[in-house]
Structure formats: structure tokens, C-alpha cells
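Okay, thanks for coming, everyone. Let me put the model up on the screen and then we'll walk through it piece by piece.

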Amino acid sequence: MGGGPVGLTVANLLAARGVRVVLVERNATTSDEAKAISLDDESLRTLDAAGLAERVLEIVVPGTGTRYYDRKGRALFHARGPQAYRLGFPFKNQFAQPELERVLLAALTARPEAEVRFSTELVAFSQDGEGATAQLRVIGEDSASPLRVAFVLGCDGGRSTVRELCGIGMTGTSHEQVWLVADTTGDHHDERYGMHRGTPGRPTVIVPGRGGRCRYEFLLRPGEGEKGAKPDYETVRRLVAPYRTLGREEIERCTAYTFNAVVADRWRHGSALLLGDAAHMMPPFAGQGLNSGVRDAANLAWKVAEVWHGRAGTGLLNTYEAERRAHAEATVRFSERLGEVVMTTSRRRALARDVAARALLRVPAGRRWLTEMRYRPTARHAGGLVIGRHPLTGTQLPQPSVLVPPSLRARPLDATLGNGLALLGVDLPDEAWQRVDGPAWRSAAWPVRRVDVALGDRLPRPAPGRRAVADADGRLEAALRAARGRFVLVKPDRYIAAVFSPAEAAGVAARLRALLDRPAQAAPETPED
């Protein structure tokens, strides 16, 4: 339920996995409002899993992060992220949400598994042991019609009807500061990064886009505007004046808003699950609102698909909140703190911020902490589908370029991993693979793609039933050096479920089967294409 970017993303991911989807949106078409504006590399990697990355890259600015300015308007530092193209895509990418929604909708409507119903709202739903019956009403009509579904995914925003019907509350803080946001055209800014200007008198955010588009956001003073009210032209012109001359016709859209920092008390109610703003809302200063929702979609879509196809039990869905909640809560808190520091109106706090930042920049470790954004919460699965305590377990596997036989041309790692579970054998001999070729692993509920990983500047060695890759740029070595001589089990969302020795293979298979909530059964072989 919900036709925003998170709903469109999860619908595309599910349809790409062969799941029949009905997307319901009460509005007549996609949104034209000024909302999200930044897509991280992880989000692009998720969209790539649905075959959408190339189309989305046509409408984004391949960004280079965020540049922060001090209280006097001087550049402090440029936060570029941990490593360029660490996940195979630019680190932070500016876009216009209306364009993104149109691209995602066009892709979804072209999929035979998907049906889209605009001008339709959910008014009620009931559940039983086999799924749910949703009552849907076309806007303007009096009566509702039933629709039988396996799951109800609430991607319907901060005022989620699904969350309300489930009786789920939200815990956190509502902030009273009013911000003006204006999307403009004909702009001269051509920077490939966002700009956060920490001037206490007027905290400002500037995010250039494509084709002369640029977003401006200003903290309003008391009396300058109210939440939900459209700012008048003179107010917008006056605020933008230090940066450009703005004509009336060059204001594409504008509004005034406040923000919340809240998380739903639970994310699952039987066959109903919450994603995106329905599950968590946060201040915009870290650019993580939409990106957190896309992480939800990546985590949940493959699990819903496995349950829908009968390869896993519904217990697998409990791992969704277990894996995502801690990071979402940490990101909400981080977004609040970042706003309090970067966008402060206190001159004393701004001075302390600038002094501290310049002191850190003088020390190599401090400079890395700032410029590589090591202050952001790290997405790591501490619960859910995680087995063992290896340092890599629960972390996201990067996406380096790899050499794949027979051509040995460099390719993105994800192209070899496929869209299911992948088992990487890192510098392991053939006899080690025999530990995962027996009944315990062949009954692990669904296919597991097996991939030999060769490190140390060696050629990949394909074998029957296994693929093979080798390092192309040094990043595969860096990512998996700590797992040499072990197996690495990678989930479809590219987070690592387990790192284990050949001797531990049977135990890991048993634990995996228990987490999947299915009895042992023969799984088909992974097709080699």
C-alpha cells in the first residue's frame, strides 16, 4: 500500500522475483511534491537488483557527497564517504523525486506480475492463517471491494493507514522548527555535491540537480512561515537572493515543513509489515529518510518472495525488524544530532563546532573520520538471519570488480552472485567444498549459488556446479582477506549471514534451516547461465 518511491521500489523488487503485486495509491498519479533528493550507493545497488539502476542513473547527478561550511560561510570539509564506488555506484546522488517515481512506475507497469491501482484507498483489512482480505475503495465511490492477498506491505507514509489499522503507535519526538524548501530551475550551480551552510543566523542547505535545477532549504525564523503553507514569492526570492536572482517562473515547487524523529513500536502485525516512513521518520539533514526506506525494501522483498514461493516459512519475516530496527533507530538519532550541530542557531555552539572540526582535520585519523563520514551509523545486522560471531558477519559485502572466466573481463560482483543466497569459498580447495555438497546443504530450503573466490593475484578456477571469480582491482582482496580459508554465506540483500570453516558447515546448515522455518527438503540445483 502506497505508491511513493519505497512502495514502487519494493513492488519492483517483488515482481522481479516472480511475485504477483497489486500496488494501491490513493492519489491519482505519482507525487509532484518536494520531498527526498538524495540516493546513496546502497540504494542504487538495490535498484540494480530489480534491473532499474541504468534507468535511474539517467535522472540523477552522480554525486560526490556533501560539503560543510562554517559559521562564516567558509568551507570546512568535504564528506565523500568511505571509498569511491565501494558498492559499485557513486556514493551520494542528487535527484528529483517526481522524476524518480515516474521511472519506477514505468518499470513496474511494464512487469506482467504487477497491477497498479491509483485513486484507490485501503479502508480495512482482516487476517487469517492464510493471509489477509483488504477492503479497497476507489476515491469518490461509496462501497469497498475485497481483495485477497498474502501480505499487506504498508509503504503509505508517516500517516500510514496500514499502521493505524494495525493499532501500532510511534515513539519519538516531533520538532517545531519550520523549514522552507524550494526547487528552482535556471540555476547556475553545477556542483556535484550538496552544501550545508552552518551560519547560525540562517542555516541553509543547497543541493544542485540536473539541467539547471537546484534545491534550497532555509530554516525560517518565527513569523516567516507555517508548516504546510506555501511560501509567498517575496519570501522565497529574499532567502535565495544571496545565491541567485530568482524569477517567479523559476520556482518549480515550494513548501514549508517541520519534521519528526519517530520509529514505529513494531513493524509486523501478522501478514502486515511496515516500511519507509510508515516504520520510521527522521530529520532530513543526513539524507537518510528515503535511503532507509529502500534498505527496508531490500531486506524485506526477498524474504516475502521466499515465503510466497513456499521455500521458507513465515518465521523468516521476523528477521526483517530484527535486522533493520537497530540501524533505523540509530539513523534517526544521528539525523537529529547532525541537525543540532550543523544547523544550529546558537553562535556559541557554531563556534565550538567549527573549532572542533578544524582540530580534527589537522590529525589524519580525525580527517578520515570527517571526510569518510565514519560518524554515520554503520548498517550491520546484529540479529535475525546471522550465524556466528566472525567480524564480517552482519556487515554488507562491498561490490568490487571481479574477473569471471572464460572471458576474464572485469564485471561487478553482484552479476555473479545472482539474486538468491550465495556461498563464497575464499581460497578453499576442492575437498573443502565437499562439506557443503552433502544432504545438509542440498536441503537448505532453496538454491545456494556456489562461487570460488581466488585471492592473491591468482586466476579463477571454475569447477562443476560452481562459479569462480578473482580480484580485478584489489578491493575483493581487501573485502574478504579476513575470510581466507572459510566460507562466506551472503544474503540476497548482500549482507553477510555467516563466515565459517569447512568443519562448521553442517552446523551452519542446520541453523540456516531453523531460521528459514522450514523442514528439510530437497532444493533444486542453482541454474548456471
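So, a starter: how many residues lie between E7 and E8 in the hairpin they form? There are two residues between E7 and E8.

Before I go further, the small print. This is a predicted model, so to speak of local features we need pLDDT of at least 70, side-chain atom pairs count only at pLDDT 80 or more, and totals for chains, interfaces and linings use all residues. Residues are numbered from 1 along each chain as its sequence is written, and side-chain values use heavy atoms, with hydrogens and water left out. On labels, helices (H or I, at least four residues) and strands (E, at least two) are DSSP runs, numbered from the N terminus.

Back to the hairpin. Strand E7 covers residues 120-128 and strand E8 covers residues 131-138; they run antiparallel, joined by eight bridges. Two strands pair, by the way, if DSSP finds at least two bridges between them. If you want to find the register, Ala124 has Gln135 in E8 as its bridge partner, and Gln127 stands opposite Ala132 in E8.

Now add E9 to the picture. The three strands form an open antiparallel sheet, ordered E7-E8-E9. E7 and E9 (145-149) are at the edges with a single partner strand each, so one side of each has no neighbour in the sheet. From one strand to the next, the twist averages 25°. Just ahead of E7, have a look at Ser119: its phi is positive, about 55°, although it is not a glycine. Ser119 is in the loop between strand E6 (114-117) and E7.

Next sheet. Which order do the seven strands of the other open sheet take? They go E4-E3-E13-E14-E15-E12-E16, and the pairing is mixed. As a reminder, strands of a sheet pair through backbone hydrogen bonds, either parallel or antiparallel. The edges here are E4 (75-79) and E16 (251-257); each has a single partner strand, so one side of each is left without a neighbour in the sheet. The twist averages 15° from one strand to the next.

At the E4 end, E3 (residues 66-69) and E4 run antiparallel, with four bridges joining them. Thr66 is the residue opposite Ala79 in E4. Helix H9 (residues 347-361) lies across E3 and E4, at about 60° to E4.

On to helix packing, starting with H1. For angles, axes are lines fitted to C-alpha atoms, for helices over the stretch in contact, and angles run from 0 to 180 degrees between N-to-C directions. Under 35 degrees counts as roughly parallel, over 145 as roughly antiparallel, 65 to 115 as roughly perpendicular and the rest as oblique.

H1 (residues 5-16) and H4 (residues 97-109) have axes that come within 9 Å and cross at roughly 25°, and are therefore roughly parallel. Contact here means heavy atoms within 4.5 Å. On the H1 side you have Pro5, Leu8, Thr9, Ala11 and Asn12, meeting a set in H4 that includes Leu100, Leu104 and Leu108. By class, that contact has eight nonpolar, three polar and one charged residue. For the classes, Ala, Val, Leu, Ile, Met, Phe, Trp, Tyr, Cys and Pro count as nonpolar, Asp, Glu, Lys and Arg as charged, and the others, Gly among them, as polar.

H1 also meets H7 (residues 289-308): those axes come within 9 Å and cross at roughly 25°, which makes H1 roughly parallel to H7. Among the H1 residues in that contact are Val6, Val10 and Leu13, and among the H7 ones Val294, Ala298 and Ala301. The class count is twelve nonpolar, two polar and no charged residues.

So what does H7 do with H8 (residues 318-342)? Their axes come within 10 Å and cross at roughly 175°, so H7 and H8 are roughly antiparallel. Arg295, Asp296 and Lys303 are among the H7 residues there, with Glu323 and Arg324 among those in H8. This contact divides into two nonpolar, five polar and five charged residues.

One last local detail: a cis peptide bond joins Pro405 and Pro406, with omega about 5°. Pro406 sits in the loop between strand E21 (401-404) and strand E22 (409-412).
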